[in-house]
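Visitor: I should like to learn how to read the features of a protein model. May we go through them one at a time?

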Amino acid sequence: MRRAWALPVLLAAMLLAGLGLALRFALAGFFGAVLGGLCLGAAALLAITWVAIAGLSAIHRRCSRRTFALALACALLLPPLALAAGVQLKLRSAYLAVVPWQLDVHDIAYRKERRWGLPLLALPGDNETGIRVFHLPPRAAQALRQHGIAYLRGLPDMPLHLDDPRTRGRYEHWHETPLDENARRHVTHHCEDGDGGFCIAVDARVWDAVQHAISTPGSYYAIGRSGVIVIDPARQRVIYMYNG
């Protein structure tokens with residue numbers, strides 16, 4: 001890569017990064033986060049592109065054609081694969097974030113979600129509904145069977161550090177099932193035969209288990225910021241639903 005191109009690309013990346021940080025601080029809320037994130041993402045893309053081109057240029061000057069072809073293939077394939085893996089890890093972390101960290105939940109048994117709006121950009125006011133079902137570890141299920149709702153009400157408070165992974169899923173008020181009317185407003189809108197509108201078709205076995213958990217005694221629930229969580233110790237399941 002010629003040096004004449006290096007400085008402008010690096011300056012552009014630095015300017016975009018600075019603009020992104022300024023937007024995130026100047027525009028509080030959703031739009032500041034989106035615009036700032038776009039600028040920071042563009043800056044990172046420019047920087048990565050510069051590094052890749054510079055590295056390939058050096059390899060082309062010093063190595064054989066075969067080595068250069070291999071390096072070029074890696075440069076083209078590895079970033080998308082790494083990005084896809086990173087996105088999947090980020091999504092998994094976001095899915096698990098609704099469950100209290102003290103329950104030590106790590107596995108997703110079932111998930112079905114849908115949002116009606118722009119394909120790649122979630123906006124306030126979009127209609128959405130979904131359900132996530134997680135495996136409840138045997139130790140937590142046993143503690144719930146022994147101590148009941150007192151176990152949930154005695155969970156330690158959420159740490160104060162926002163970057164601490166234990167900040168996931170804090171719920172202040174736990175109740176015993178069946179769900180009351182307020183909690184039922186958050187239950188996933190499941191499509192029955194002939195239903196229209198904003199709904200999703202949940203697997204029949206999953207939906208039957210959900211209905212049993214929310215309608216009979218023996219489980220526990222709490223309302224969070226955007227949905228309701230139900231813990232079913234008998235089936236060792238944690239169910240999170242939202243509808244809005």
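Guide: Let us begin with a covalent link. In this predicted model, a disulfide joins C191 to C199, with an S to S distance of 1.9 Å.

Visitor: How many disulfides does the count come to?

Guide: The count comes to one disulfide. To recognise such a link, one looks for a pair of cysteine sulfur atoms within 2.5 Å. The link of C191 and C199 is right-handed, with 100° about the S-S bond.

Visitor: How should I read a sheet, and in what order do the strands lie here?

Guide: Strands of a sheet pair through backbone hydrogen bonds, and the pairing may be parallel or antiparallel. In this model six strands form an open sheet with antiparallel pairing, in the order β1-β2-β6-β5-β4-β3. At the edges are β1 (108–116) and β3 (175–176), each of which pairs on one side only.

Visitor: How many bridges join strand β4 to strand β5?

Guide: Four bridges join β4, residues 220–223, to β5, residues 228–232, and the two strands run antiparallel. As an example to locate on the screen, A222 has I229 in β5 as its bridge partner.

Visitor: Which strands does helix α7 lie across?

Guide: Helix α7 (residues 204–215) lies across β1, β2 (127–135), β5 and β6 (237–243). Relative to β6, the helix runs at about 95°.

Visitor: I should next like to examine the largest pocket. What is its volume, about?

Guide: The volume of the largest pocket is about 1,100 Å³. Its lining consists of 22 residues, and those nearest the centre are A94, V98, R132, R225 and S226. Two or more lining residues come from each of α3 (65–96), β1, β2 and β6. Of the elements, α3 gives the most, with five residues.

Visitor: How do the residues of that lining divide into nonpolar, polar and charged?

Guide: In the lining of the largest pocket, nine residues are nonpolar, four are polar and nine are charged.

Visitor: Finally, how does one read the backbone itself?

Guide: Most residues other than glycine have a negative phi, and most peptide bonds are trans. Two places in this model deserve a look in that light. The peptide bond from T177 to P178 is cis, with omega near 10°; P178 sits in the loop between β3 and α6 (181–184). D104, although not a glycine, has a positive phi of about 60°.

Visitor: Where is D104 found?

Guide: D104 is in the loop between α3 and β1.

Terms used:
Residues are numbered from 1 along each chain as its sequence is written. This is a predicted model: local features need pLDDT of at least 70, side-chain atom pairs count only at pLDDT 80 or more; totals for chains, interfaces and linings use all residues. Side-chain values use heavy atoms; hydrogens and water are left out. Two strands pair if DSSP finds at least two bridges between them. Contact means heavy atoms within 4.5 Å. Axes are lines fitted to C-alpha atoms, for helices over the stretch in contact, and angles run from 0 to 180 degrees between N-to-C directions. On a 1 Å grid over the protein atoms alone, a cavity is a set of points where a 1.4 Å probe fits but cannot get out, and a pocket is an open set with protein on both sides within 12 Å along at least five of seven lines; lining residues have an atom within 4 Å of a point. Grid points are joined across faces, edges and corners, and a volume is the space filled by probe spheres set on the points. Ala, Val, Leu, Ile, Met, Phe, Trp, Tyr, Cys and Pro count as nonpolar, Asp, Glu, Lys and Arg as charged, and the others, Gly among them, as polar.
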